[in-house]
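Hi,

Here is the structure I promised to pass on. Have a look at it first, and then read on for what turned up.

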Amino acid sequence: MMAQTGNWNWNPPHRSTKRHDLLYITLFLVSIVLVSAASSSTTTIPGARKSARPSVLSLFNLKGKSKFWSETILRGAFEDLESSESVGSGKRALVNYTKAGTIAAYLKMSQVDAIYLPIPINFIFIGFEGKGNQEFKLGPEEMERWFTKIDHVFEHTRVPQLGEYLTPFYRVRADGVQHHHLPLISSINYNFSVHAIEMGEKVTEVFERAIKVLARRDDVSDTRSDGDQLWQVNIDEMEYLFTSLIEYLQIDKAYNIFILNPKRDSNRHTYGYRRGLSETEINSIKEDAGMQTNLLKSKGPIQNPLDIEKKRKPLYMTHPMVKFAWTSVESIDTAQWVNFCLEALNDIEKSFSGKSTSEIVYRQAEQLLHGKSFDLALTLRKELKSSKMLGLYPECLVDSWIGKERWAFLDLTAGPFSWGPTVGGEGVRTGISLPNVEKTIGAVIEITEEEAEDKLQSVVQEKFSLFGDDHHAVDVLLAEMDIYELFVFRHCKGRRVKLALCEELEERMGDMKSEMETFQGEEQEEIHRRKAAEAIKRMEQWNLFTDAYEDTKNYTVARDSFLSHLGATLWGSMKHIVAPSSAEGAFHYYEKISYQLFFITQEKVKHIDLLPVEQNAIKQGLASFIVPGQKVQFHPHMLALSEDPALAMAFSVARRAATVPVLLVNGTYKTSVRSYLDSFILQHQLRRLSGGELLRGAHFKSRSTLEVPVFWFIQEGDPLLIDKHYQAKALLDMVIVVQSSQSDWESHLQCNGQSILWDLRNPLKAGLAAAAEHLAGLVPLHLTYSHAHENAIQDWLWSFGCNPFASTSSGWHTSLFQSDTIARNYIVTSLEESVQLVNSAIDLLIMERTNDLSFKIFKAQEHSLVASYNSVVSLWRQIAGAVGDIRYGDSMRSLSMLEEASQRFLETTNATLAALHPIHCTRQRQVEVQFDISTLLGFIVVAAILLFLLRPRRPKPKIN
């Protein structure tokens, strides 16, 4: 053990933990200096994405002030996109590139929210110049006030797939779920440019004259002359007037909606429009065998006096493609057309003069046999040959119609009429669905002197019954003034003939003002003086008894109610007729449509011509769905269940029976046992047959030809339907039609209190509607998508016209409204898929960061990238311009090029990014350090700190 003495032991000095920490901090500072020196030689990439100036695509995202199409703006922005490509690769271009942050920002590309397709539409007002019904006059200021409130821009929408097609109470139910890659609310928008045209009194006179001359009694046995009968106007002959007026004014390059307000004829008080014959006229032909024989022997064609020589006087050179425009047509502009029409109508009236009822019926039937309505002529000739005439039924009387060309009309004086589901339906057409001049404007004008006094007396009694004896005279005068003010505004203002009561009230108002002035004296209480002063000031500002319309604010409540209803109706015509919703799915344009027609019978038929179907009518109807540039082929096949066990098994497995509750029009409840084919089971079975060979024609995999398999089941015996309620059904890869032998099936629909009967022997109308839905997404006119409900809704007001998509007529002719809708559905699908491809490419460019290392590589790819982008935008412009001019043939030719250009832009984007990615993965590993003054100063500071920390220190003796 060492003794504790005063000896010194020297131990070498040890670095403390604190000094180690300082050394580590110093080394960390050195690394920071090195890194900062390296990074100072390059431009820092911003962490957040910088917002770039909108590209040309923002033109298609029209919002705010630039909401409507402008060719000047479009061209300017397109040229700006072309100039966005750098002209060089110098230092300034490098700085712009690196500062942009992303390639999309450098190229000024942004995602596309919407593309707008311009649609020109004319609303043509006849009878609103002050000479029509109730002498109602509509002015341009009033029109602009109300009809600019219409939503002129709305998205293309898709009706979701329907679940149980009809519940027991016939309520359409959709699942509201998106099943395809295209959304229910499309990014393609329709931009309507509305042109309101007011026709002069001479044109109104022509239509009033036509309604009188072309009207016949609905009941031929009713010979009364008191004006209480129901009259039917021949719609086929009225079509000549609308078509010739459009051709005369050369406004056929727009969609034309006529709104009629003709003066009501006292001898023809209630009238409607019908195609074909009424029930009593059909019965008279059934009972007259001689008339049937003569009709079959008659020869055509029959010249119609209204088929006048085509004269033209253009109303405008081009449609005013603005939000709203107003034009009044002067009498001199239509004088020639008016004279021709009045002369033709006089000739028709003379030809009917002195004719008996049977002669008039014979002439109408003869015109049908040799007229332009091919479907009616075919049905009538077929029934005349059978002599039983079991399948000939009257069509509904209506007050609206869709023509074969691009026009439709609404007659506000005709009717009222109703149609839609028999019971439990939604959106049914009623007598008040259309605005009514007589019940709004007329209700105000027609009030008599006695009625006015009774109304005023009842209001006075109701008001003053609440007053006691303790009310001041000023309060009594104020109450009286309130009554008179409201009464005068409702029943005096705006009248053509002033009521004597209104004159008395005007005098009484003057006396009341004098009485109020007596309560302004100082002897009155302050509260009464203030009430009197306010009342006098209020009376001085009145303008209740003037006959002049100083501004639009002075119109009556009834007038505003009528105009708001009319505006909503016109908006509905845009949503249901001009640009309706489509079925859910993608519908592509093909150069050729090949219909594979499979006629399936129970027993084998020797020859296809012996089948109980009208093959020519089927082919004509299916061919009407082609658009300009398309070709159509038909390949009919015959199959027999008795010779094909697999097909017979598929048919038997899909056949079902159901008990369906039915409520008739008269309120009678009954149950109906229905035999039907389950469409989904049948579809599954048909796919399995021969490995699906039935669904694969010669062009099954062709990109230019679309195969449309149509299975037409022909069954004898009990009625057979599809999915309990229908004659035809459109499925994803086929169309199914069922034909059975009953001629008078009572459907779930009614019009004017009578059930609509279906001839199950001829399901042509239903089959064509299903084929159009399968081919191009056309849906019935009453169906549309509702943004509020986020689902499909019904509005049966628009279910009219002789087309496959309306319920009030047995006709199946395709109107140009539907032909254009088919073309637009093709265009919308192509544009939307193009937008999706472009947006996916722009997404990649947004994610790709810019730096100086990738600049040269990108410059080598930039030209091809921008060129492919420009080609897509150029095709968008070209297609939208053709749609605005209603040149759908030109649009169709551009769709295949658009698909190729969009795919090329995506491929070019991927190729550009692929060229840039090796730069990021290899060259960026090397860190180049450039020394400058800041770097040198950093090293000096670090060296000084190290010198201070590591300098040698004097050893400290340790004393044990």
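Start at Phe125: leaving out its neighbours within four places in sequence, Phe125 touches Leu138, Met143, Phe147, Ala196, Ile197, Glu198, Met199, Ile259, Leu566 and Leu570. Do keep in mind that this is a predicted model. Phe125 shares a distinction with Tyr273: in the largest nonpolar core, which has 185 residues, these two touch the most other members. The biggest contribution to that core comes from helix H23 (residues 816-847), with 13 residues. There is also a second, separate core of 23 residues, and among its members are Ile483, Leu501, Cys502 and Met512.

Next, the sheet. It is open, with three strands in the order S4-S5-S7 and mixed pairing. Strands S4 (215-217) and S7 (270-274) sit at the edges, each pairing on one side only. From one strand to the next, the twist averages 40°.

The two pairings go like this:

- S4 and S5 are antiparallel and joined by three bridges; Arg216 has Gln232 in S5 as its bridge partner.
- S5 (residues 230-234) and S7 run parallel, with five bridges between them. Leu230 is opposite Thr270 in S7, and Asn234 has Arg274 as its bridge partner there.

Is S5 mostly covered or mostly uncovered? It is mostly covered, with four of its five residues buried. As for what packs on the sheet, helix H7 (residues 235-249) does, touching S5 and S7, and its direction makes about 55° with that of S5.

Last, a pair of helices worth a look. Helix H11 (residues 357-369) and helix H12 (residues 374-386) have axes that come within 8 Å and cross at roughly 115°. Which residues make the contact? From H11 they are Ala365, Leu368 and Leu369, and from H12 they are Leu376, Ala377, Leu380, Arg381 and Leu384. By type, the residues of this contact split into seven nonpolar, one charged and no polar.

The H11 residues in that contact are also buried, as are Val361, Gln364, Glu366 and Gln367 of H11. The length of H11 checks out too: at 1.5 Å a residue, its 13 residues should span 18 Å, and the end C-alpha atoms are 19 Å apart, so the two agree.

Cheers

How values were computed:
Residues are numbered from 1 along each chain as its sequence is written. This is a predicted model: local features need pLDDT of at least 70, side-chain atom pairs count only at pLDDT 80 or more; totals for chains, interfaces and linings use all residues. Side-chain values use heavy atoms; hydrogens and water are left out. Axes are lines fitted to C-alpha atoms, for helices over the stretch in contact, and angles run from 0 to 180 degrees between N-to-C directions. Helices (H or I, at least four residues) and strands (E, at least two) are DSSP runs, numbered from the N terminus. Contact means heavy atoms within 4.5 Å. Ala, Val, Leu, Ile, Met, Phe, Trp, Tyr, Cys and Pro count as nonpolar, Asp, Glu, Lys and Arg as charged, and the others, Gly among them, as polar. Two strands pair if DSSP finds at least two bridges between them. A nonpolar core is a set of buried Ala, Val, Leu, Ile, Met, Phe, Trp, Tyr and Cys residues joined through side-chain atoms within 4.5 Å. Buried means under 20% relative accessible area, exposed over 50%, partly exposed in between (1.4 Å probe, protein chains only). The expected span of a helix is 1.5 Å times one less than its number of residues.
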